[in-house]
Amino acid sequence: MMERPKFVFLFIGDGMGLGQISMAEAYISSLKGEISNTSLSFTQFPVFGLSTTYSANSYITCSSAAGTALSTGYKTNNGMLGVDPQNNKLQSITYKLKENGIPVGIVSSVTIDHATPAAFYANSLSRSSYYDIAIQIPESGFDFFGGGGFAQPTGEKKDKKDIYKVLEEGGYTVARGIQDYISKKGAKKIALFQESGKEADLPYAIDRTPSDLTLKQVVAAAIDHLYGPKGFFIMAEGGKIDWAGHGNDAKTNILEVLDFADAVDVAVGFAKRYPNETLIIVTADHETGGMTLGREKGYELKLKELDSQNRSVATDKESVPAVAELNKKANVGWTTTSHTGTAVPVFATGPGSRFFMGRMDNTDIPKRILRIMGFDNQSEQRIQP
Ligand SMILES: [Zn+2]
């Protein structure tokens, strides 16, 4: 059987460990009044693996070191992006794919200059050099960028050229919102963001209003834009699972995981049309919060306690103590407001998916993707799978 996929999706749930996944599954069951774990689309994928996440200098990785591992196959220190600990540039596999004519799309629900998406197109000594990272988008020449906008569109001191102008001069058609994207269809290279005035990260699912852009819509637009005879590679990140983890905000976290699963569903729908050519990998860069089902003493998870919450703590800062109390009553456990060093799951389906079975390291994932797509790290030549 031919195992070379043409269409490859790498979905990264930032901060999405097994606790977050099990919690989201339990939440769906609880809405039905059942005690069970209702599987999400991707937790039903036939292949399951476990990936270690440590960085070059810590058992507990940050998103830029993990993103670098997932994009280049090399470990680096926390805080560094697309460079090794000695600050030598590393190459993301997206460049290898692009060199070989395969269209590339980078999608995230957080700003596109944030650590995880940035690891797939940029090199920087510091993940916080947002503007220096952003201006590497036109240099990449990748075909589609979409989701959140920019953390610092005119630089840290607001003295740099507007990044949207830089993109346009670099050959990108900037679309704001889905209707604008549709009207600009056929453009060579697309950068799709929220409507004007809302260009930072996409709102949390719990806070969303009907006019807000969603991760699912951006993934669908990426497929629509990139689809063609050469295939494509799409990296799509659910970036705010992590943020809700940092906030120890269970309800927001659960709804972000479900929103991320909805975005994966778009790829699952695509794979139904091209089953022999589509590989979908879903993983995480690390776990955030030490989130778990159960707290202190006892055997009951009481997710009904979360019903009354309808905004994230990030948008309603005054609700922080009340939400902490709800999490306690629900028996949702948290051990930290930072990341943890536990291994994360890898789910895969489609041609080549069997290479993601069992135990692996996060650095193995991009190497395996390149190999399965027919390119190894060293050679320009297509290799046999
Ligand atoms: Zn984080």
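Asn331 is buried, at 13% relative accessibility. Asn331 sits in the loop between helix 12 (320-329) and strand 10 (332-333). This placement, like everything below, is read from a predicted model. The backbone of Asn331 has a positive phi of about 65°, although Asn331 is not a glycine. Most residues other than glycine have a negative phi.

Lys158 is another residue other than glycine with a positive phi, here near 55°. Lys158 belongs to the loop between strand 4 (144-148) and helix 7 (163-169). Is Lys158 buried or exposed? With a relative accessible area of 68%, Lys158 is exposed, because exposed means over 50%. For Asn331, the value of 13% is under the 20% limit for a buried residue, so Asn331 counts as buried.

**The zinc site**

The zinc ion is coordinated by Asp242 through two OD entries, by His246 through NE2 and by His339 through NE2, at 2.1 to 2.3 Å. The angles among the 4 donor atoms run from 57 to 149°, and the site is irregular. Why is the site not counted as tetrahedral? Four donors count as tetrahedral if all angles lie between 85 and 135 degrees, and the angles here, 57 to 149°, go outside that range, so the tetrahedral label does not apply.

Along the sequence, the donor residues follow the spacing D-x3-H-x92-H. His246 is in helix 10 (residues 240-246) and His339 is in strand 11 (residues 339-340), so this pair ties together parts that are 93 residues apart in sequence. The two histidines can also be described by their accessibility. His246 is partly exposed, at 30% relative accessibility, whereas His339 is buried, with a relative accessible area of 12%.

**Salt bridges**

How many salt bridges does the structure hold? There are 11 salt bridges, among them the three in this table.

| Pair | Closest N to O | Separation in sequence |
|---|---|---|
| Arg354 and Glu3 | 2.7 Å | 351 residues |
| Asp224 and Lys185 | 3.3 Å | 39 residues |
| Asp201 and Lys240 | 2.7 Å | 39 residues |

The side chains of Arg354 and Glu3 meet in a salt bridge. This pair links distant parts of the chain: Arg354 is in the loop between strand 12 (344-349) and strand 13 (358-361), and Glu3 is in the segment before strand 1 (7-15). Arg354 is partly exposed, with a relative accessible area of 46%, while Glu3 is buried at 14%.

Asp224 forms a salt bridge with Lys185. This pair also links distant parts of the chain, with Asp224 in helix 9 (residues 215-226) and Lys185 in the loop between helix 8 (178-183) and strand 6 (189-193). Asp224 is partly exposed, with a relative accessible area of 36%. Lys185 is partly exposed as well, at 48% relative accessibility.

Asp201 and Lys240 are joined by a salt bridge between their side chains. Asp201 lies in the loop between strand 6 and helix 9, and Lys240 lies in helix 10. Helix 10 is also the helix that holds the zinc donor His246. Asp201 is partly exposed, with a relative accessible area of 22%, but Lys240 is buried, at 3%.

**Buried residues in helix 13 and strand 8**

Which residues of helix 13 are buried? In helix 13 (residues 364-373), the buried residues include Ile365, Pro366, Ile369, Leu370, Ile372 and Met373. They cover an arc of only 170° around the axis, which puts them on the same side of helix 13. Just after helix 13 comes Gly374, with a positive phi of about 105°.

Leu279 is part of strand 8 (residues 278-288). Its relative accessibility is 0%, so Leu279 counts as buried. Leu279 and Gly350 are 71 residues apart in sequence, yet their C-alpha atoms are 4.5 Å apart in space.

**A nonpolar surface patch**

Some nonpolar side chains lie on the surface instead. Leu18, Phe48 and Leu50 form a nonpolar patch there, with about 250 Å² of accessible area together. Phe48 is in strand 2 (residues 47-52). The relative accessible area of Phe48 is 41%, so Phe48 is partly exposed. Residues of a patch must have over 30% relative accessible area, and Phe48, at 41%, therefore meets that cut-off.

Definitions and conventions:
Residues numbered from 1 in each chain as written. Predicted model: local features only at pLDDT ≥ 70, side-chain atom pairs only at ≥ 80, totals over all residues. Heavy atoms only, no water. Patch = residues over 30% accessible without salt bridge, like charges linked within 9 Å, V, L, I, M, F, W, Y side chains within 5 Å. Areas by Shrake-Rupley, 256 points an atom, 1.4 Å probe, with all protein chains shown as cover. Salt bridge = Lys/Arg side-chain N within 4 Å of Asp/Glu carboxyl O. Helix = DSSP H or I, 4+ residues; strand = E, 2+ residues; numbered from the N terminus. Buried < 20%, exposed > 50% of the residue type's maximum accessible area, 1.4 Å probe, protein only. Donors = N, O, S within 2.8 Å, 3.2 Å for Na, K, Ca; no water. Tetrahedral: all angles 85-135°; square planar, octahedral: opposite > 155°, others 65-115°. Arc of directions from axis to C-beta.
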